[in-house]
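User: Please take a close look at one part of the model shown below, then relate it to the rest of the structure. Plain prose will do.

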Number of protein chains: 2
Amino acid sequence: MESQILDCAIIGGGPAGLTAGLYTTRGGLSNVVMFEKGMPGGQITQSSEIENYPGVTGEITGMDLMIPWPEQCQKFGLKHEMVEVTRISHKENGNFIIHRGDGKTQEAYSVIVCTGSTPRRAGFNGEDKFFGRGVSTCATCDGFFYKGKEVAVLGGGDTALEEALYLAKICTKVYLIHRRDTFRASPNTVERVKSTQNIELVLNSCPDEVYGDAMGVTGVRVIDNDGKSREINVPGIFTFVGNNVNNQVLMQEDGTSLCSLNSAGEVIVDLSMRTSVPGLFAAGDIRIEAPKQVVCAAGDGAVAALKAISYVDEKLSHK
Amino acid sequence: MESQILDCAIIGGGPAGLTAGLYTTRGGLSNVVMFEKGMPGGQITQSSEIENYPGVTGEITGMDLMIPWPEQCQKFGLKHEMVEVTRISHKENGNFIIHRGDGKTQEAYSVIVCTGSTPRRAGFNGEDKFFGRGVSTCATCDGFFYKGKEVAVLGGGDTALEEALYLAKICTKVYLIHRRDTFRASPNTVERVKSTQNIELVLNSCPDEVYGDAMGVTGVRVIDNDGKSREINVPGIFTFVGNNVNNQVLMQEDGTSLCSLNSAGEVIVDLSMRTSVPGLFAAGDIRIEAPKQVVCAAGDGAVAALKAISYVDEKLSHK
């Protein structure tokens, strides 16, 4: 155990974690570490184009968007440890222990968890090759790039159907590919999908391969339950086959979670990003009702940081 | 009444309203109007320097920060009406009526209220002259610019004392000026202020004048209840003498509010910026627990817009 107790430990280095680092250090916490085993920037760095981060204009990639962040956010003294965090545990005195992948531990008065979530891959051929160049997991982010074009959506749950409805207002046609002939989504959403004229249901079918050229996707080949294949010529396919919430760091040795989660494994927070445990905050895509947008994750990080500052200040005043 | 019903009416053109405009139109709503009687940009355009909006670096003014926003946010078809909105009312069919200052009305399926809040002026000499050049109403925003320096804080409520505690971690000394010898803040906060070594209480005193030079504030002259004057030589004074929540547009002719407010007049929202009225959303500084930061207001605007899109889509599917 390193001897000095951290004012705040930030777990994850995407938009939420970086902004939390900016606001905690600029707000006067002197000993703040952001734990991110890779390069900071987060999931958005895989996006080939982003045009909806307010104030940053022009045709830029997600990577370009995030380039200035680490320097700006570390300018006020945020430290970055390139190490994995395996677990966060709680001491009887209310402090937290950060368990690192290298076997070391560090103690912290407060923690902001910003480990995000990861959309599951569907597993068809070409999915990884064309990810970010026609294969997307976010209609809000990328739908507009297909304005006036046809797209495919893969999935049968609430998210898939809601994203299909979102895309149907932007695109001329949406092919909704689903491996069964019934949907897991809420009946109301299913009804709206069925009554939307420019959504074509492609049921009992799975994508076999996404194909394309140097410019990106040009189509998807699906195979139905009878083995018949069909080519759908679209420049974009949106896959919604589930989401892995990166909440492993909250899991305790007895299998319980450090703080309250919903049934999807997302951290339950209030408007100030407080979790059920005092001193533990969550920000960005790991929390309930996350809109999964850079500007929203950054806003979460800012407010979590301001609340962490107050928490640490009050805690230390009672020592 | 103009004939076409708006998909969404956005009231206010600061960071929340502009981002709501970006996300509603980019998400496929075709008939969206942002009502802002002045130039878009909001309160932040009065700030002389901003360094905590993630991704935008360098020494820039609040005005510079906001320059690219209107074009970016209007690129997808957002319309801007330079007219005041006096009131929003609710029709029996669930639609809203936007009452304009010019006597016209417009109907909308959904409304996002982003009219913000306005810190009250304390009323001392030099306050307006030096606003943004040493006189501030936001410690989170401007405190860091006084790192290692002494500052004054004016006020005796919870906000004033919490901001004094925030500044005490950044600045070498904080003079807390208050016109009484007791505080309205919570006892716990008062106790923390009294036990903070670098906060000096300047009680039973009011600021008479803030003075300075071309570079900004150099000091504040206070007068105590006995008429004795004292000069406190500081480069910054933070005033927290109350906040006007700009909720007038929600007030109905019978004196009630269109949606639920807290005792401070702030709009009660959930994590998705829904108010107590379906189809009515609030974003930015007008809502409860607003951190009053540009990135947070923008995040609010984005999520409110995404929820407004779903709301309008569902509403129209039932017609």
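Is Ile67(A) buried or exposed, and between which helices of chain A does it lie?

Analyst: Ile67(A) is exposed, with a relative accessible area of 58% (exposed means over 50%, buried under 20%, and partly exposed in between, with a 1.4 Å probe and protein chains only). Ile67(A) sits in the loop that links helix 2 (62–66) to helix 3 (68–74) of chain A; helices (H or I, at least four residues) and strands (E, at least two) are DSSP runs numbered from the N terminus. This is a predicted model, in which local features need pLDDT of at least 70 and side-chain atom pairs count only at pLDDT 80 or more, while totals for chains, interfaces and linings use all residues. Residues are numbered from 1 along each chain as its sequence is written, chains are lettered from A and ligands numbered from 1 in the order in which they are written, and side-chain values use heavy atoms, with hydrogens and water left out. Between the C-alpha atoms of Ile67(A) and Gly279(A), 212 residues apart in sequence, the distance is 30 Å.

On the other side of helix 2, the loop from strand 2 (32–35) to helix 2 of chain A holds Glu51(A). Glu51(A) is buried, at 9% relative accessible area. The C-alpha atoms of Glu51(A) and Thr61(A) are 8.7 Å apart, with their positions 10 residues apart in sequence. Setting aside neighbours within four places in sequence, Glu51(A) is in contact with Phe144(A) and Phe145(A), and with Leu22(B), Arg26(B), Gln72(B), Lys75(B) and Phe76(B) of chain B; contact means heavy atoms within 4.5 Å.

Two of these partners, Leu22(B) and Arg26(B), are buried residues of helix 1 of chain B. That helix covers residues 15–26, and its 12 residues reach 16 Å from first to last C-alpha, close to the 16 Å expected at 1.5 Å a residue (the expected span is 1.5 Å times one less than the number of residues). With 12 of its 12 residues buried, helix 1 of chain B is largely enclosed by the rest of the structure. The buried set includes Pro15(B), Gly17(B) and Tyr23(B). Gly28(B), which follows this helix, has a positive phi near 110°.

Helix 7 of chain A (residues 294–317) can be checked against the 1.5 Å rule as well: its 24 residues should span 34 Å, and its end C-alpha atoms are 35 Å apart, which agrees. Helix 7 is mostly covered, with 18 of its 24 residues buried. The loop between strand 17 (280–282) and helix 7 contains Glu289(A), whose phi is positive at about 55° although it is not a glycine. Glu289(A) is partly exposed, at 38% relative accessible area. Lys292(A) is found in the loop between strand 17 and helix 7; its phi is positive too, about 60°, and it is not a glycine. Lys292(A) counts as partly exposed at 31% relative accessibility.

Two further positions in chain A add to the picture. Thr137(A) is placed in the loop between strand 8 (135–136) and helix 4 (139–142), and counts as buried at 19% relative accessibility. Leaving out residues up to four places away in sequence, Thr137(A) touches Pro119(A), Phe131(A), Thr239(A) and Phe240(A). Asn244(A) belongs to strand 16 (residues 243–245) and is partly exposed at 34%. With the same sequence neighbours left out, Asn244(A) touches Ser117(A), Thr118(A) and Arg120(A). The C-alpha atoms of Asn244(A) and Asn125(A) are separated by 21 Å, and the two residues are 119 apart along the chain.

As for the chain that carries Ile67(A), chain A has 7 helices and 17 strands. A compact globule of 319 residues would have a radius of gyration near 20 Å, and chain A has 21 Å, which agrees (the radius is taken over C-alpha atoms, and the rule is 2.2 Å times the number of residues to the power 0.38). The C-alpha atoms fill a box of roughly 70 × 45 × 35 Å along the principal axes. Of the 319 residues of chain A, 59% count as buried. Among contacts between residues at least 6 apart in sequence, 60% join residues at least 24 apart.
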